[in-house]
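Me: Got a minute to go through this one with me? I'd like to start with the rings.

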Amino acid sequence: MLIAHSIAELRHHLAGFNDHALVPTMGNLHEGHLALVRQAKPLADVTVASIFVNRLQFLPHEDFDTYPRTRDSDCAKLEAAGCDIVFAPSEQDFYPEPQTFKVQPPADLADILEGHFRPGFFVGVCTVVMKLFACIQPRAAVFGKKDYQQLMVIRRMVRQFALPIEIVAGETCRADDGLALSSRNGYLSADQRGEAVHLSRARRSQ
């Protein structure tokens, strides 16, 4: 498995391949991410997973500085899952100057649900994904259904920009207690996790 730390290095590694598949992540990987990588492998000649904690999708009071960064263990997991290339740039590599050009998704899709509580979140998501698409030029990209609103936002963005990219949905992976796997689950106390499991089961039974 190859690891690219810059856009130039990434493009060098991709030069010998025709079709690219992408799995975007912010790292701190779990089985759900690895399932997306395995789903992506048959879709192209080379499978790329990105690891980048994107400042643009964090509000000032959120956990950008403390978000778990576990690149070494993430790379080991990705290699075991069959990933071919990891794109793991630093913030300076990916945003060498302030990212003043941004993608503004429609309010009717992006300013509801999660977007209602996290203003500007999907601007950050769309901007980083569009930049990853420009760097990697995938023919397919795999996103998990766990973040269903994100999946819908990205699909509409791809359609409206007429990008030649197939957006593939991956099924939600769950822990033994039924809670959807998430990189932030480690923040939950035992009581908070129990409440989250209860709410998850209630929603799934509706």
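Me: How many aromatic pairs are there?
Reply: This is a predicted model. In it, the count comes to seven aromatic pairs.

Me: Take F52 and Y95. What kind of pair do they form?
Reply: Edge-to-face. The ring centres of F52 and Y95 are 5.6 Å apart, with 70° between the planes. Over 60 degrees counts as edge-to-face.

Me: Where do F52 and Y95 lie?
Reply: F52 is in the loop between β3 (46–51) and α3 (71–80). Y95 is in the loop between α4 (91–94) and α5 (107–110). So the pair ties together parts that are 43 residues apart in sequence.

Me: Are F52 and Y95 buried or exposed?
Reply: F52 is buried, and Y95 is buried too.

Me: Which residues do ring pairs link into a cluster with F52?
Reply: F87, F94 and Y95.

Me: OK, charges over rings. What sits over F94?
Reply: The charged end of K131, 5.1 Å from the ring centre of F94.

Me: And what lies over the face of F64?
Reply: R69, at 4.9 Å from the ring centre.

Me: Pockets next. What volume does the largest one have?
Reply: About 1700 Å³. The lining of that pocket has 49 residues.

Me: Which of them lie nearest the centre of the largest pocket?
Reply: E114, K146, D147, L181 and S182.

Me: Which elements supply at least two residues each to that lining?
Reply: Two strands, β2 (20–25) and β5 (140–144), do so. Helices α2 (31–40), α7 (121–136), α8 (148–160) and α9 (190–204) do too.

Me: How do the lining residues of the largest pocket divide?
Reply: Into 22 nonpolar, 17 polar and ten charged.

Me: And the second largest pocket, how much space lies in it?
Reply: About 210 Å³. It is lined by 16 residues. Those divide into eight nonpolar, four polar and four charged.

Me: Which residues lie nearest the centre of that second largest pocket?
Reply: I51, F52, V53, R69 and P89. Two of those names came up earlier: F52 pairs with Y95, and R69 lies over the face of F64.

Me: Switching to strands. How many of β3's residues are buried?
Reply: Six of six, so going by the cut-off of under 20% relative accessible area, β3 is mostly covered.

Me: Which way do the β3 residues point?
Reply: V46, V48 and S50 point one way. T47, A49 and I51 point the other way. Both sets are buried.

Me: Why do they alternate?
Reply: Because in a regular strand the side chains alternate between the two faces of the sheet.

Me: In what sense do β2 and β3 pair?
Reply: Parallel, over six bridges. One bridge partners P24 with S50 in β3.

Me: How many bridges pair β2 with β5?
Reply: Two, again in the parallel sense. A21 stands opposite A140 in β5.

Me: What does β5 join through five bridges?
Reply: Strand β6 (residues 166–170), and the two run parallel. V142 has V168 in β6 as its bridge partner.

Me: How many β5 residues are buried?
Reply: Four of its five, so β5 is mostly covered by the cut-off of under 20% relative accessible area.

Me: Last one, M152. Where is it?
Reply: In helix α8.

Me: Why does M152 count as partly exposed?
Reply: Because its relative accessibility is 25%, and partly exposed runs between 20% and 50%.

Me: How far is M152 from L109?
Reply: 8.0 Å, C-alpha to C-alpha. In sequence, M152 and L109 are 43 residues apart.

Key. Residues are numbered from 1 along each chain as its sequence is written. This is a predicted model: local features need pLDDT of at least 70, side-chain atom pairs count only at pLDDT 80 or more; totals for chains, interfaces and linings use all residues. Side-chain values use heavy atoms; hydrogens and water are left out. Rings of Phe, Tyr and Trp (its six-membered ring) pair if their centres lie within 6.5 Å; planes under 30 degrees apart count as stacked, over 60 as edge-to-face and the rest as tilted. Buried means under 20% relative accessible area, exposed over 50%, partly exposed in between (1.4 Å probe, protein chains only). A charge sits over a ring if NZ of Lys or CZ of Arg is within 6 Å of the ring centre and within 35 degrees of the ring normal. On a 1 Å grid over the protein atoms alone, a cavity is a set of points where a 1.4 Å probe fits but cannot get out, and a pocket is an open set with protein on both sides within 12 Å along at least five of seven lines; lining residues have an atom within 4 Å of a point. Grid points are joined across faces, edges and corners, and a volume is the space filled by probe spheres set on the points. Ala, Val, Leu, Ile, Met, Phe, Trp, Tyr, Cys and Pro count as nonpolar, Asp, Glu, Lys and Arg as charged, and the others, Gly among them, as polar. Two strands pair if DSSP finds at least two bridges between them.
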